[in-house]
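Student: I would like to learn how the words used for a protein model follow from its numbers. Could we go through some of them together?

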Amino acid sequence: MVATSATARDGWSSRTAFVLAAIGSAVGLGNLWRFPAEAGQNGGGAFVLFYIICVIFIGLPVLLSETLIGRHGQASAPESMRRMAAESGASARWDFLANIGVLSAFMIVSFYCVVGGWVVYYIYVFGVDLMASGLTGGAFEGRSREEIEAILPGLFGSAQLMLTGHIIFFVVTIFFVMRGVSAGIEWVATWLMPTFFVLLIGITLYGLTTGAGAEAFAYLFTFDFSKLTPQVMLAAVGQAFFSLSLGVAGMITYGSYASRDVNLGYTSGIIAGADTAVALISGLCVFPIVFAAMAAGVGDLSVEAGPGLMFASLPVGFQAMPFGSLIGLAFFIMVGFAALTSSVGLLEVPTSWVIERFGLSRAASTLIVGLSAGALGLLSALSFNELADVRPLGFIPIFAEANIFDALDGVTAKIFMPLGAILTCIFVGWVAEPRLVDAENGLSGTLNQVWRALVRYVCPVVLLVIMGFGLFG
Ligand code: PHE
């Protein structure tokens, strides 16, 4: 049926569509690129274990809190907050919380699409290489390790390449958000997510059997508690939020398109479980290939390579593999799919806000928001070359060394997202009428009590402590 009323709201066409779209938003560069990089930089196993604890005891309760606010409100994130606040007799000003989220989503999408641009470039590089090296050969045949490792700095050093990749990825993201919830975002998720899973499992199995699987297991799952500093804990919390798309009102927005027959408690478990599984699998995908290349004496590769892990170390690993060129291409296409299902989710947050706030059409709103976020993203793209010396947050010790890109990433993951989550917990746990919450959360009995206790006490207190020590300790 065609929607006749101007106020009719688009929404997910089915329960499965909601789950897939939410998983699509959660699973992205956060799992594939950020998780292995953060694990490598924060000491491996201890970080991983603490990250998993954060997902279960903080991420999952917050995820449920966000989706239930959205579904109750059936409107953009700020409007949903206002509605729930009003019905609970609280101040409508609570919408500021969602506004912070809208702002963070705007900031994140700006630099997220920069990394999306690197993926575009690597798809191009591997595509060209596949034609040169042939189907069965390793990637970059005849080229030295130095040459392969030079691809990433080569990209970073070129403002032109960085901007081109960034713009391409942004345009694709804008295109799908413009098409709307069911025709755009849902379409991307239902087609790309299953393809993504098949590719991920295939490449991981290949890497595990031909690469250094045992070392990777040991690295990711051996816990050395002396490595668990407050900074590592804050990094793990930030990673959990980033990966689950929390604290940016994104899951409020996605929840608002969910119909009444969705059990949000159960669905949140599935979303968090799938997201965490993908993070762990991508660790098991990236590290065996890197460890195998290290063992083969392929230069001074390091698991601490950080952001370069996926883009610099992994391509060297692909050289050592039969079918490396093809697998490399498949890998980056897969990363591109996952990134797209997240970037549309990010852009949707400020877009749906503009649609509602200013009564503009979806097309106009997407363009306005997309182009402004794209413009902000240019600064991030240039922070690898022309603007490399700019330190926007030089006055905050833990961000003293951060360029524009790292500052946006650090501030959103380590301050805005946890702060948004603390306030969400206070809102759902203390401010909102329990009757409204219970009608939405799909939980009963002990599980409901445990969830309530986590939201009221555990999450806000633990988050405050970790933020305090992580930032100032
Ligand atoms: N969770 C996404 C990822 O892991 C990133 C994201 C954050 C998407 C916030 C939407 C909202 O890549």
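Student: Why does Ala249 count as buried or exposed, whichever it is?

Tutor: This is a predicted model, in which local features need pLDDT of at least 70, side-chain atom pairs count only at pLDDT 80 or more, and totals for chains, interfaces and linings use all residues. Residues are numbered from 1 along each chain as its sequence is written. A residue is buried if 20 or more other C-beta atoms, placed from the backbone, lie within 10 Å of its own, exposed if 12 or fewer, and partly exposed in between; Ala249 has 33 such neighbours, and therefore counts as buried.

Student: What makes Gln74 partly exposed?

Tutor: Gln74 has 17 C-beta neighbours inside 10 Å, so that it falls in the class between the two cut-offs. Gln74 lies in the loop between helix 3 (45–73) and helix 4 (77–87), and has a positive phi of about 50 degrees although it is not a glycine.

Student: How do you know how helix 11 and helix 17 are oriented to each other?

Tutor: Helix 11 and helix 17 (residues 404–431) pack at an angle of about 65 degrees, with their axes 9 Å apart. Angles under 35 degrees count as roughly parallel, over 145 as roughly antiparallel, 65 to 115 as roughly perpendicular and the rest as oblique, and helix 11 and helix 17 are therefore roughly perpendicular to each other.

Notes
Helices (H or I, at least four residues) and strands (E, at least two) are DSSP runs, numbered from the N terminus. Axes are lines fitted to C-alpha atoms, for helices over the stretch in contact, and angles run from 0 to 180 degrees between N-to-C directions.
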